[in-house]
Structure formats: C-alpha cells, structure tokens
Amino acid sequence: MSPSVLELTDRLVWPGSTQALRMADLRGMPTLLLFGCASSAWTRQRLDDITRLLRRHGDSLQAAALLAPRFDAERDPRNLNQLQCVHRLTYPLALDADW
C-alpha cells in the first residue's frame with residue numbers, strides 16, 4: 001500500500017468486531033467512508049442511505065462509518081451497538097472516543 005495512505009488506528013473502538021478494520025481490507029472495491037457523530041440527524045440519515053446503497057450495489061461496493069462523540073455519553077461504545085441494531089447496519093462502525 002502506498003505510504004501516503006493513512007491507516008485506521010488501533011485507538012478506534014470497533015463494536016461487534018474482533019479486530020480493527022485496516023485500509024488493506026478495503027482494497028479492490030469502491031468504499032464509502034462516513035465521518036460523523038451518532039447524535040446527528042444528518043449522520044443517521046447517511047447511515048440509512050449507505051444501507052440502501054449496499055442493498056442495491058453490495059456486490060461492488062463496501063462501506064464503513066467512523067463516528068466521533070459530540071457529547072460525553074457518546075463515548076460509550078455500547079451506544080454504537082444500539083445504533084447498529086436500530087439502523088440494521090451491516091458494515092463496520094468505529095468510535096473515536098478520544099476525539
């Protein structure tokens with residue numbers, strides 16, 4: 001991989017995953033990366049949009065969402081588990097609790 005590509009760091013929490021997602025895991029297909037915060041209505045709408053896109057183009061598209069907390073309560077990874085269940089997310093979701 002090119003040295004100019006930044007790696008997803010191990011300091012991110014990946015609820016429901018045993019290991020962190022790596023940039024190398026995303027090679028070979030177009031990838032949607034969503035950056036937002038869990039409390040944002042805009043972010044939740046985009047999560048649903050990505051789910052619809054993956055249903056339609058899942059064999060040729062992949063996605064991941066990286067969320068930063070806006071409020072202290074969002075630093076708890078259990079909230080992401082709830083978000084994944086409510087929105088039926090099938091793609092990796094990460095939390096940068098130190099942001």
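**Exercise 1.** In this predicted model, determine the order in which the three strands form the open sheet, and state whether the pairing is parallel or antiparallel.

*Solution.* The three strands of the open sheet are arranged in the order β1-β2-β3, and their pairing is parallel. The edges are occupied by β1 (31-36) and β3 (93-95); each has a single partner strand, so one side of each is left without a neighbour in the sheet. On average, neighbouring strands are turned by 15° against each other, direction ignored.

**Exercise 2.** Describe how strand β2 pairs with β3, and identify which helices pack on the sheet.

*Solution.* Step one concerns the pairing: β2 (residues 62-67) joins β3 in the parallel sense over three bridges. Within this region, L67 stands opposite L95 in β3. Step two concerns the helices. Helix α1 (residues 41-57) lies across β1, β2 and β3 and runs at about 165° to β1. Helix α2 (residues 78-86) also packs on the sheet, where it touches β2 and β3; the direction of α2 makes about 155° with that of β3.

**Exercise 3.** Establish how many disulfides the model contains, and explain why C85 forms no bond with C37.

*Solution.* A disulfide requires two cysteine sulfur atoms within 2.5 Å. By this rule, the count is zero. For C37, the nearest cysteine sulfur is that of C85, 20 Å away. The sulfur of C85 therefore lies too far from that of C37 for a bond. The surroundings of the two residues can be stated as well. C37 counts as buried because its relative accessibility is 16%, whereas C85 is exposed, with a relative accessible area of 62%.

How values were computed:
Residues numbered from 1 in each chain as written. Predicted model: local features only at pLDDT ≥ 70, side-chain atom pairs only at ≥ 80, totals over all residues. Heavy atoms only, no water. Buried < 20%, exposed > 50% of the residue type's maximum accessible area, 1.4 Å probe, protein only. Pairing = 2+ DSSP bridges. Helix = DSSP H or I, 4+ residues; strand = E, 2+ residues; numbered from the N terminus. Axes fitted to C-alpha atoms, helices over the stretch in contact; angles between N-to-C directions. Contact = heavy atoms within 4.5 Å.
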